[in-house]
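Student: Before I accept any label given to a residue or a contact, I would like to see the value behind it set against the rule. Could we go through the assignments in that way?

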Number of protein chains: 2
Amino acid sequence: MATGRTHRPATRSRGIPEATVARLPLYLRALTALSERSVPTVSSEELAAAAGVNSAKLRKDFSYLGSYGTRGVGYDVEYLVYQISRELGLTQDWPVVIVGIGNLGAALANYGGFASRGFRVAALIDADPAMSGKPVAGIPVQHTDDLESIIAENGVSIGVIATPAGAAQQVCDRLVAAGVTSILNFAPTVLSVPDGVDVRKVDLSIELQILAFHEQRKAGEEAAGEPGAVLQARKESGKGPDGDVPAVMPA
Amino acid sequence: MATGRTHRPATRSRGIPEATVARLPLYLRALTALSERSVPTVSSEELAAAAGVNSAKLRKDFSYLGSYGTRGVGYDVEYLVYQISRELGLTQDWPVVIVGIGNLGAALANYGGFASRGFRVAALIDADPAMSGKPVAGIPVQHTDDLESIIAENGVSIGVIATPAGAAQQVCDRLVAAGVTSILNFAPTVLSVPDGVDVRKVDLSIELQILAFHEQRKAGEEAAGEPGAVLQARKESGKGPDGDVPAVMPA
DNA sequence: GTTTGTGAAATGATTCACAGCG
DNA sequence: CGCTGTGAATCATTTCACAAAC
């Protein structure tokens, strides 16, 4: 270990903080909704409320992209939609494969939001021969044997793993070997990947466990806690919900 | 806004950092695997590798829980499993309701990892009368009309929302009014909740968009980038994958 | 008057590096 | 010795607060 020391003065073209990147999709969603209602401009305050963050954070986030607002007025909705889309790379569309067409994989394939912005389900892959050819969400399932050629033929660089935990690492290795460089992992396992491959994970039981932790604390405080008041009022946060941070990782 | 100022000297019993809380489930999973293989002890180095973090971080994380290791030896696997489970509130079991039994809701209901540790699907709720009574994952779906009584009768404090975006806020409001104080939201919307309620969100399209951002950067660097070398080697990180941070928020 | 854009301060998280314990 | 536990240093993110732009 300790390969890359504190070095790396390079590769810093226009470093947008990871935390900011993770919020851009949120802004984009709020802006898209405004756009559909033909709202021409928004203030940082309004948009922040719609996205569930605070306005100072939003302005700072946008400042990394450039100066796209007008003082005294706000931001042009359409223009911002375009700028953020471009920044996120959504002006092109990304072919995606889903591997593991069980309950979850099928649900993902059917998920509308997939196609909505910049993503296209290029193929569904499953190891069960009985599934082969069966259409799910209108797309015929293909067999794992053909994984490499499917990736190659469709120019896929993003893969979604929805297999059981036991198969995930193996599938991941094959995806990476075939040229996939971004993986969204729904299997409850830690994937190891070579440098240059990004992995993000979505894990139901982890989320529930984090909620349970807080839930337990609430129960504890209710009983013990400060003698006097308190009952709600946890942490600050001006109003709406807030925060959120990424989980990427260059591996 | 600006209600809770910088005040709040109280309520700080034993503040475990949020980032640490988010990693405890990861450690727990790795430890459980070791436990099943009857491994008696692990070093921070080994466990860190299994959990995909670095060992300094892991030791620091554990230091917030107490001194559960033995210098020169490592950590007792069983003991740590117990301590972390207790810390996360998994020694009791949490009844959970899932609202919205479409493709995704059904997939969640069928998800094994649910029951595995501390969670129990107490009820499935859907607005479609045609679904009522139909069993999913062996549990009969109940109608939204009965939401309040279902929550009350089962003492549910954790709710999972898997409805379409349009229905999510309304469902959320009813859950909260009925006594739910932790929500896991799969609908692509920002939920607003009163103080004291935690919301975590899982959003497929946000994750994909973040991946697309990085994917685009890779493509860009390949073409432009530094004149000389570079091709892989992004960011540092000693070896394995790393990082990850939470998204809770007391609201 | 309003609202952006941003330095500077404050807070939080990670990493270093090593003393101290078994 | 080996490995934990932890202060101190570094790095990242958020928040403040206000000058500049409209």
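Tutor: A polar contact is a pair of N or O atoms within 3.5 Å. Please keep in mind that this is a predicted model. A backbone N or O atom of A:Tyr68 lies 3.3 Å from a phosphate oxygen of DNA strand C, and because the limit is 3.5 Å, this pair is a polar contact.

Student: What makes the approach of A:Gly72 and that of A:Tyr75 to DNA strand C polar contacts?

Tutor: For A:Gly72, a polar backbone atom is 3.0 Å from a sugar or linking oxygen of DNA strand C, whereas for A:Tyr75 a polar side-chain atom lies 2.8 Å from a phosphate oxygen of that strand. Because the limit is 3.5 Å, A:Gly72 qualifies at 3.0 Å and A:Tyr75 qualifies at 2.8 Å. The elements that give two or more residues to the surface near DNA strand C are, in chain A, helix 3 (55-65), strand 2 (69-70) and strand 3 (74-76), and, in chain B, helix 1 (18-36) and helix 3 (55-65).

Student: How many residues surround DNA strand C, and which are the closest?

Tutor: There are 25 residues around DNA strand C, the closest being A:Ser44, A:Gly69, A:Gly72, A:Tyr75 and B:Arg23. Of the atoms of DNA strand C that come within 4 Å of the protein, sugar and phosphate account for 65%. By residue class, the surface near the strand divides into 11 polar, nine charged and five nonpolar residues.

Student: How do you know that A:Arg120 and A:Asp93 form a salt bridge?

Tutor: The closest N and O atoms of A:Arg120 and A:Asp93 are 3.7 Å apart, and because a salt bridge asks for a side-chain nitrogen of Lys or Arg within 4 Å of a carboxyl oxygen of Asp or Glu, the pair A:Arg120 and A:Asp93 satisfies the rule. A:Arg120 lies in strand 5 (residues 119-126) of chain A and A:Asp93 in the loop between helix 4 (77-88) and strand 4 (94-99), so the salt bridge ties together parts that are 27 residues apart in sequence.

Student: Why is A:Arg120 called partly exposed?

Tutor: The label partly exposed covers values between the buried limit, under 20%, and the exposed limit, over 50%. A:Arg120 has a relative accessible area of 39%, so it is partly exposed, and A:Asp93, at 43% relative accessibility, counts as partly exposed as well.

Student: What makes B:Lys218 and A:Asp198 a salt bridge, and are these residues buried or exposed?

Tutor: The closest N and O atoms of B:Lys218 and A:Asp198 are 3.7 Å apart, and since the limit is 4 Å, the pair is a salt bridge. This pair crosses between chains, from helix 9 (residues 204-223) of chain B, which holds B:Lys218, to strand 10 (residues 198-201) of chain A, which holds A:Asp198. With a relative accessible area of 11%, B:Lys218 is buried, and A:Asp198 counts as buried at 1%, because the label asks for under 20%.

Student: How do you know that B:Glu215 belongs with them in one network?

Tutor: B:Lys218 also forms a salt bridge with B:Glu215, where the closest N and O atoms are 3.4 Å apart. Both of these residues lie in helix 9 of chain B, three residues apart, about one turn of the helix, and both are buried. Salt bridges that share partners thus join A:Asp198, B:Glu215 and B:Lys218 into one network.

Student: Why is B:Ser55 called buried, and what does its side chain contact?

Tutor: B:Ser55, which lies in helix 3 of chain B, has a relative accessible area of 12% and is therefore buried, given that the limit is under 20%. The side chain of B:Ser55 makes a polar contact with the side chain of B:Glu45 at 3.4 Å, and the C-alpha atoms of the two residues, 10 residues apart along the chain, are separated by 5.1 Å.

Student: Why is A:Ser38 called exposed?

Tutor: At 62% relative accessibility A:Ser38 counts as exposed, because that label asks for over 50%. The place of A:Ser38 is in the loop between helix 1 (18-36) and strand 1 (41-42) of chain A, and its phi is near 60 degrees, a positive value in a residue other than glycine. B:Ser38 counts as exposed at 60%, and phi of B:Ser38 is near 55 degrees.

Conventions:
Residues are numbered from 1 along each chain as its sequence is written. Chains are lettered from A and ligands numbered from 1 in the order in which they are written. This is a predicted model: local features need pLDDT of at least 70, side-chain atom pairs count only at pLDDT 80 or more; totals for chains, interfaces and linings use all residues. Side-chain values use heavy atoms; hydrogens and water are left out. A residue is near a molecule or strand if one of its heavy atoms lies within 4 Å of it. A polar contact is a pair of N or O atoms within 3.5 Å; within protein, one must be able to donate a hydrogen and the other to accept it, and residues adjacent in sequence count only if both atoms are side-chain atoms. Helices (H or I, at least four residues) and strands (E, at least two) are DSSP runs, numbered from the N terminus. Ala, Val, Leu, Ile, Met, Phe, Trp, Tyr, Cys and Pro count as nonpolar, Asp, Glu, Lys and Arg as charged, and the others, Gly among them, as polar. Buried means under 20% relative accessible area, exposed over 50%, partly exposed in between (1.4 Å probe, protein chains only).
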